[in-house]
Amino acid sequence: MVRGGPERGRGGRRRYGVLAAVLLLATACGGGGGGGGGGGAKKSSSAAGATATAAGEAAPDATDGPAVDADPARLPTTRKAALALIGKVIAGPEDFGPGTVARTPYESGPDTWPVLDTSCVWQQRPLGRGILATLTRSFELPATKDKGPLRLAAIMTVHRADDGARWEMAESLEETMRCPTQQLRQGEFIGGLGANALDRGEGNQTSSDDSLMESGQYRSAELGGPQPYFWKQDRILRFTFAVTAKGAKGWRVGEIDSLSIKAQAAMLGRLGDAIMKKG
């Protein structure tokens, strides 16, 4: 299962090797659905580093560790605590830039999240047992003389354990392979989807433990199309968070990407401040 459904966006080129690596890592660490924890992966990484050093090879660099040196006492373990953290971290209109406003409804219900079914249609389903909390917020840059309305969203999910978040990232890649065309809701479709995924340390990506960008084309009965479609998702430990943009008339790809990445960076920074060790 994954988040983002009716508001999610996609991007870039497919990296089959990354999907296989993430799936193998999640399996080695205890499987999906939030079972187990991140400890197994850290122990394996440390053991590999010790073996390499003993063999005369270079020790792992700083990017081998997690993106945030978290204080375990600051990681939420209850639904209430997870929702409180999401409220502090998730993007608001100001994070996307001037003129952005909340749409109605602004926030998703707390007890469901979107799931891509076997027919490649997004459906709302109950939260899995491995999820503490999730929230989606919807925004819009209203239409102007030269541009149509740009629909935006931010999504954050807190899993019970790191493995659940790893599986969520892996499944996000799997969905694009399985469903290159998807129905978001009645009259709304995305297609031509591809993805580019980076682990921490790959391609100068150091802000999160895993990062995924997907893009494609958006069509709707209301706004027409095709228009650019963008999705960026990151993982830090047991947290995943994403932004998505549905393009409209007059909007260039670079403009949409810039707005989305700005909001994603704001969430990354706030999450780090909320969970990192002090002192």
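The central element of this predicted model is an open sheet of eight strands, paired antiparallel in the order 1-4-5-10-9-8-7-6. At its edges stand strand 1, residues 101-107, and strand 6; each has a single partner strand, so one side of each is left without a neighbour in the sheet. On average, neighbouring strands of this sheet are turned by 25° against each other, direction ignored. As a reminder, strands of a sheet pair through backbone hydrogen bonds, either parallel or antiparallel.

Let me begin at the edge formed by strand 1. Its connection to strand 4, residues 131-141, is antiparallel and consists of three bridges. Within this pairing, Ala 102 has Phe 139 of strand 4 as its bridge partner. Strand 1 also contains Pro 105, and the peptide bond that leads into this proline from Thr 104 is cis, with omega near 0°.

A second cis peptide bond is found between Gly 225 and Pro 226, here with omega near 10°. Pro 226 belongs to strand 9, which spans residues 224-236.

Following the chain out of strand 9, we reach the loop between strand 9 and strand 10, where Leu 237 is placed. What is notable about the backbone of Leu 237? Its phi is positive, at about 55°, although the residue is not a glycine. Leu 237 is also buried, because its relative accessible area is 6% and the cut-off for that class is under 20%.

Strand 10 itself covers residues 239-246 and includes Thr 244. With a relative accessible area of 1%, Thr 244 is buried. Which backbone atom lies 3.1 Å from a polar atom of the Thr 244 side chain? It is the backbone oxygen of Phe 230.

I turn now to the helix that covers part of the sheet. Helix 3, residues 79-89, lies across strand 4, strand 5 (150-159) and strand 10, and runs at about 25° to strand 4. Which residues of helix 3 are buried? They are Ala 82, Leu 85, Ile 86 and Val 89. Viewed down the axis of helix 3, these buried residues fall within an arc of 105°, so they line one face of the helix. The general background is that an α-helix has 3.6 residues a turn, so residues three or four places apart point the same way. The partners of the buried residues of helix 3 are strand 4, strand 5, strand 10 and helix 6, the last of these spanning residues 253-275. On the face of helix 3 turned away from the buried side, we find the exposed residues Lys 80 and Lys 88.

Next comes the hairpin of strand 2 and strand 3. These two strands run antiparallel and are joined by five bridges. One position to look at is Val 115, which stands opposite Gln 123 in strand 3. Five residues lie between the strands of the hairpin, and there Cys 120 takes a positive phi near 65°. As with Leu 237, this residue is not a glycine.

Cys 120 brings me to the last topic, the disulfide. How many disulfides does the structure hold? There is one. Cys 120 and Cys 179 form the link, with their sulfur atoms 2.0 Å apart. Where do the two cysteines sit in the chain? Cys 120 is in the loop between strand 2 (112-116) and strand 3 (122-126), whereas Cys 179 is in the loop between helix 5 (162-178) and strand 6 (182-185). The pair thus joins distant parts of the chain, 59 residues apart. The angle about the S-S bond is -75°, and the link is left-handed.

Are these two cysteines buried or exposed? Cys 120 is buried, with a relative accessible area of 15%. Cys 179 is buried as well, at 0%. Both count as buried because that class takes values under 20%.

To close, I would return to two places in the model. At one edge of the sheet is strand 1, the strand that holds Pro 105. At the other is strand 6, and the loop between helix 5 and strand 6 holds Cys 179, the disulfide partner of Cys 120.

Technical notes:
Residues are numbered from 1 along each chain as its sequence is written. This is a predicted model: local features need pLDDT of at least 70, side-chain atom pairs count only at pLDDT 80 or more; totals for chains, interfaces and linings use all residues. Side-chain values use heavy atoms; hydrogens and water are left out. A disulfide is a pair of cysteine sulfur atoms within 2.5 Å. Helices (H or I, at least four residues) and strands (E, at least two) are DSSP runs, numbered from the N terminus. Buried means under 20% relative accessible area, exposed over 50%, partly exposed in between (1.4 Å probe, protein chains only). A polar contact is a pair of N or O atoms within 3.5 Å; within protein, one must be able to donate a hydrogen and the other to accept it, and residues adjacent in sequence count only if both atoms are side-chain atoms. Two strands pair if DSSP finds at least two bridges between them. Axes are lines fitted to C-alpha atoms, for helices over the stretch in contact, and angles run from 0 to 180 degrees between N-to-C directions. Contact means heavy atoms within 4.5 Å. The arc is that of the directions from the helix axis to the C-beta atoms.
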